[in-house]
Structures are given as structure tokens and as C-alpha cells.
Amino acid sequence: PTRRSSDLEIRFETTARAQEVSVEPDVEIHFLSAEQSNSSLIVGSVAMLKIFRRVVGGPHPEAEMGRYLTEHGFANTPPLLGEVVRVGSDGTRHTLAVAQGFIRNQGEGWAWTLDWLTRGLTNLAGAAEAEAVDPKQFVDYDAIARLLGQRLGEMHVVLAQPSENPAFAPDRADSETARLFAERTERQLVEAFAAIDAQTDLDATSAAIARDLLDRKQELIDATHRLARNAEGATLTRIHGDLHLGQTLIANGDVYIIDFEGEPARPVSERRAKTSALRDVAGIIRSLDYATAVVRRQRRVSHALLSEKLSDAFLDTFQ
């Protein structure tokens, strides 16, 4: 359906998957969260409505990626049910909200991982060091981690297929692409070096590591430009773009990938750009490292009676 008002239209555009959903008139609606750029509502147990507070012209990554993955059979993301769009007099589309299928789950991957690591430390009370590094205790998490890697690979197989849709047709990296990769990475490195240099309360071990990194600043920047040349000829596709454990759901022993909006602070054109699929892989690896670091800091309070040597052995093995 369409609603008109003078020089604009509000369109309610459904997908084929919407036919599978039935919503009762008196269904309960629960406010889920208010994120940086959107608010989410759960409609019964059948749908989630995501309302965007930052409205921009043109295709919205969340709706665009959801629609494409749904239409191409990727099952491990919430299916797109529909989109609410404002269309101006010049034909420019502005996505106001999206409706997605509801995935009953046991929590998002970030909280699930922190809980798993915390329970692991708790179970080490009175244990020997050999138990802290025993691979058997990581079997459950290994299964989820393998599934996450598998689902991410399956998603990228879909995104790497030839497409008549120019927004999703894969490209090839050239020398200019490699140069841009290097420049972007250099900017991030310079910012990181500045942050390290500004630290004034590091312990002796961390201060020594910081000094070593700062002494090798130019060496690392030069390596970035050298390694970036390897990107020439690589396949460039659409990616998630902001992938970390918090953008996954653990559901019935499986893993779902969610939230394709991208980094809200970045321009939409950048969030829709094609790039290396390895960026999504790197995002997950970094997130796993962050999770370990968070639990390592919290253990002084949550597991004060557990020896630092034992907890370090466990977390180092996980990492």
C-alpha cells in the first residue's frame, strides 16, 4: 500500500516472506532496544520492527542486504518481511523502517561469549593448571565458533555470485583499490599510535610493548603499503561491514548474522561499498580478542579467589 501527501509518498513494501507471517490484532509489542541510530520493537514472536532515526536518501544497507540475502536463500539471517519507505517528489527513497522475521534465540554472541568465559573461570575453582588448558573444556565453544565461520562463509558465497544487480555484482581490485586500502589502514594506524603515545598509566610490561610499537611505527606503515599491493586482482563484494560478536545471535545451537546497517557514523556510500570479505573475518577475530580482554579485566572482581596464573592459562588457551 501507498499513502500520499502532497509531494511525497509513504510506501509499505512487503516481500514474499511476509505471506508466511500472521499477526493477531491484539498481539503484544515489546520495546527491545534503542541503539545509536535505530529503535527496535518485537511484535509478538513473529517479527521485529526496526525504526531508523537517521534517515538518509538512497538504498539503506539494512533493507538492501536483508532483501538480497532473503531472496537468494541465505537462511541464517532474519528474513526481510517488508520496508517502510518515504519517496520524495524527485523519486529519492528514504527507508524509515524495516520488518524482519523474529529469531527466537539464546542471546547475541557477545553476551553469550562473556557468559561462557565467566562460567569457564568459575569451573576452574580448585583446579590444576593442566585443567585450565585442557582442550576438552572448549568443545562447546569450538562448535559455535565453527558454525559462525561456516555461516559467514555461506553468506559470502551468496554475495560473491554473479548478479544482474549492480549493487551486488562482484568487482575486481586494481592498483587504485590497493592504494586506497593502504591509505585507509595507515590512517587507522596513525590514530592508534597517537592513542598509545597518549597513555600515561601503563604498567611496566605494557609500557615496554608500547615503546616497541612506537619505535616501529614507520616500519609498520611501510609494511601496510607493501602488503596492500597483494589486493590487486582480489574479488570485491558487499560485506556486512560492522561484523562482531554483538551482530550475531546464538539460536538453537546455530548462529545467525544480524544488523547489516553498517557503522552508523560512516557515510552510506562507504557502508554500501564493495571490499574484501576478509574484513568481516577480521571483525570477528578482533571481537573474540576483545571478549577475552574484557573477562581478563573483570576477573579481579568476579574471580578474586582464582589465581591469576590459572585464569591466564585458561584465557590464553581460549584466545
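A salt bridge here is a side-chain nitrogen of Lys or Arg within 4 Å of a carboxyl oxygen of Asp or Glu. Keep that handy for the exercises below.

This is a predicted model, where local features need pLDDT of at least 70 and side-chain atom pairs count only at pLDDT 80 or more, while totals for chains, interfaces and linings use all residues. Residues are numbered from 1 along each chain as its sequence is written, and side-chain values use heavy atoms, with hydrogens and water left out.

**Exercise 1. Salt bridges**

Take the pairs Glu219–Arg216, Arg17–Glu20 and Arg67–Glu83, and work out how exposed each partner is.

Step 1. Get the cut-offs straight: buried is under 20% relative accessible area, exposed is over 50%, and partly exposed is in between (1.4 Å probe, protein chains only). The areas come from the Shrake-Rupley method with a 1.4 Å probe, and for residues only the protein chains shown count as cover.

Step 2. Start with Glu219 and Arg216, whose side chains form a salt bridge at 3.3 Å, N to O. Glu219 has 47% relative accessibility, so it is partly exposed. Arg216, at 37%, is partly exposed too.

Step 3. Next, Arg17 and Glu20 pair up at 3.0 Å, N to O. Arg17 is partly exposed at 31%, whereas Glu20 is exposed at 57%.

Step 4. Arg67 and Glu83 also make a salt bridge, at 3.0 Å, N to O. Arg67 belongs to helix H1 (residues 61–71) and Glu83 to strand E6 (residues 80–87), so this pair ties together parts that are 16 residues apart in sequence. For the naming, helices (H or I, at least four residues) and strands (E, at least two) are DSSP runs, numbered from the N terminus. Arg67 is partly exposed at 21%, but Glu83 is buried at 6%.

Step 5. Zoom out: the structure holds 22 salt bridges.

**Exercise 2. Pockets**

Which elements give two or more residues to the lining of the largest pocket, and what does the second largest pocket look like by class of residue?

Step 1. Define the search. On a 1 Å grid over the protein atoms alone, a pocket is an open set of points with protein on both sides within 12 Å along at least five of seven lines; a cavity is a set where a 1.4 Å probe fits but cannot get out; lining residues have an atom within 4 Å of a point. Points are joined across faces, edges and corners, and a volume is the space filled by probe spheres set on the points.

Step 2. The largest pocket has a volume of about 880 Å³. It has 28 lining residues, and Arg184, Thr185, Gln188, Arg279 and Ala282 are the closest to its centre. Helix H5 (175–197), helix H7 (217–228), strand E9 (235–236) and helix H9 each give two or more residues to that lining. H9 has the largest share, with seven residues.

Step 3. Sort by class: Ala, Val, Leu, Ile, Met, Phe, Trp, Tyr, Cys and Pro count as nonpolar, Asp, Glu, Lys and Arg as charged, and the others, Gly among them, as polar. The largest pocket's lining then has 13 nonpolar, eight polar and seven charged residues.

Step 4. The second largest pocket holds about 650 Å³ of space. Glu35, Lys50, Gln247, Ile258 and Asp259 lie nearest its centre, out of 28 lining residues. Strands E3 (29–34), E4 (38–43), E5 (47–52) and E7 (93–101) each supply two or more, and E4 gives the most, with three. By class, this lining has nine nonpolar, 13 polar and six charged residues.

**Exercise 3. The enclosed space**

Find what lines the largest cavity.

Step 1. Searching the whole structure turns up one cavity of 30 Å³ or more. The largest cavity has about 60 Å³ of space.

Step 2. Its lining includes Glu62, Met65, Gly66 and Leu69, as well as Ile258, Asp259 and Phe260. H1 gives the most, with four residues.

Step 3. The class split is five nonpolar, three polar and two charged.

**Exercise 4. Helix H10 and its cover**

Which residues of H10 are buried, and what covers them?

Step 1. In H10 (residues 308–318), the buried ones are Leu310, Ser311, Asp312, Ala313, Phe314, Leu315 and Phe318.

Step 2. Use contacts, meaning heavy atoms within 4.5 Å. The cover includes helices H2 (109–122), H3 (129–132), H4 (139–159) and H9 (278–302).

Step 3. For the wider setting, the chain has ten helices and eleven strands, and 40% of its 319 residues count as buried.
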